[in-house]
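Got the viewer open? Keep the selection box handy, and we'll hop from one stop to the next.

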Amino acid sequence: MARFTVLIAAAVLAFLVAAPVPEVTAKKYLVGDKKFWNPDINYDTWVQGKHFYLGDWLYFVYYRDQHNILEVNKTDYERCISDHPIRNYTRGAGRDIVPLNVTKQYYLLDGRGGCFKGMKLTVTVEKPHPPPKSAPVKH
């Protein structure tokens, strides 16, 4: 019986060592790419084709004395209202991060007037896809 237990333990250990571990890495998105967070940029176009997953983050670069980054609800986003944000991600340096740590729709805008010139962004955050299943082991 003891030998059988050792063989089972060895088989389980060999499986765990041989099983591929899925690589999960968060992705950093520079909002607006080289145009950064500025007026007259079409952020709807920028977001097209991108998939945002839990753990990713948005990196905003902007003129700190002219803009900010606020999270608002959908109605305020559509109307560019920044009076009662859900969260203010502005830290004062003009280099701010929005961690995408909840699977939901994020509504982000500039609350200093830039929203009326296109400085608003909405992203949908999803759970990462499960890794592909390994092929069955043939005996």
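What follows is a walk from the whole chain down to single residues.

**Before you click**

This is a predicted model, in which local features need pLDDT of at least 70 and side-chain atom pairs count only at pLDDT 80 or more, while totals for chains, interfaces and linings use all residues. Residues are numbered from 1 along each chain as its sequence is written, and side-chain values use heavy atoms, with hydrogens and water left out.

**Stop 1: the whole chain**

Colour by pLDDT, the predictor's confidence in each residue from 0 to 100. The protein chain averages 85, and 76% of the residues score at least 70. Now select residues 1–22: pLDDT stays under 50 there, and the model gives this stretch 2 contacts beyond four places in sequence (a contact means heavy atoms within 4.5 Å). Where pLDDT is low, the predicted coordinates should not be read in detail, so hide that stretch if you like.

Switch to cartoon. The protein chain has 3 helices and 8 strands, in the pattern α-β-α-β-β-β-α-β-β-β-β along the sequence. Both kinds of element are DSSP runs, numbered from the N terminus: helices are H or I of at least four residues, strands are E of at least two. Of the contacts with a separation of 6 or more, 67% are between residues 24 or more positions apart.

**Stop 2: the five-stranded sheet**

Select strands 2, 8, 7, 4 and 5, in that order: they make an open sheet of 5 strands with mixed pairing. Two strands count as paired if DSSP finds at least two bridges between them. Strand 2 (52–53) and strand 5 (87–88) are the edges, each pairing on one side only.

Step across from the strand 2 edge. Strand 2 pairs with strand 8 in the parallel sense over 2 bridges, and Phe-52 stands opposite Val-125 in strand 8. Next, strand 8 and strand 7 run antiparallel, joined by 5 bridges; look for Gln-105, whose partner in strand 8 is Thr-124. Strand 7 (residues 105–109) is in turn antiparallel to strand 4 (residues 70–71), with 2 bridges between them, and Leu-70 is matched with Leu-109.

**Stop 3: the three-stranded sheet**

Now pick strands 1, 3 and 6, which form an open sheet in the order 1-3-6, again with mixed pairing. Strand 1 (28–30) and strand 6 are at the edges with a single partner strand each, so one side of each has no neighbour in the sheet. Strand 1 runs parallel to strand 3 over 3 bridges; show Tyr-29 and its bridge partner in strand 3, Leu-58.

**Stop 4: the cores**

Which residues touch the most other members of the largest nonpolar core? Show Trp-37, Trp-46, Phe-52, Leu-58, Phe-60, Leu-121 and Val-123, out of 21 residues in that core. A nonpolar core here is a set of buried Ala, Val, Leu, Ile, Met, Phe, Trp, Tyr and Cys residues joined through side-chain atoms within 4.5 Å. Helix 2 (43–47), strand 3 (57–61), strand 7 and strand 8 (120–126) each give two or more residues to this core. Apart from it lies another core of 7 residues, including Leu-70, Val-72, Cys-80 and Tyr-107.

Buried means under 20% relative accessible area, exposed over 50%, and partly exposed in between (1.4 Å probe, protein chains only). Buried residues make up 31% of the 139 residues in the protein chain.

**Stop 5: three loop residues**

Start with Thr-90, in the loop between strand 5 and strand 6. Is Thr-90 buried or exposed? Its relative accessible area is 17%, so Thr-90 is buried. A polar atom of the Thr-90 side chain lies 2.9 Å from the backbone nitrogen of Ile-69. Beyond four places in sequence, Thr-90 touches Tyr-62, Asn-68, Ile-69 and Asp-96.

Go to Thr-103, in the loop between strand 6 (95–99) and strand 7. Thr-103 is partly exposed, at 36% relative accessibility. Leaving out residues up to four places away in sequence, Thr-103 touches Leu-54, Val-125, Glu-126 and Lys-127.

Finish at Ile-41, in the loop between strand 1 and helix 2. Ile-41 counts as buried because its relative accessibility is 18%. Draw a C-alpha distance from Ile-41 to Lys-120: these residues are 79 apart in sequence and 9.3 Å apart in space.

Methods:
Polar contact = N/O pair within 3.5 Å; in protein donor to acceptor, adjacent residues only side chain to side chain.
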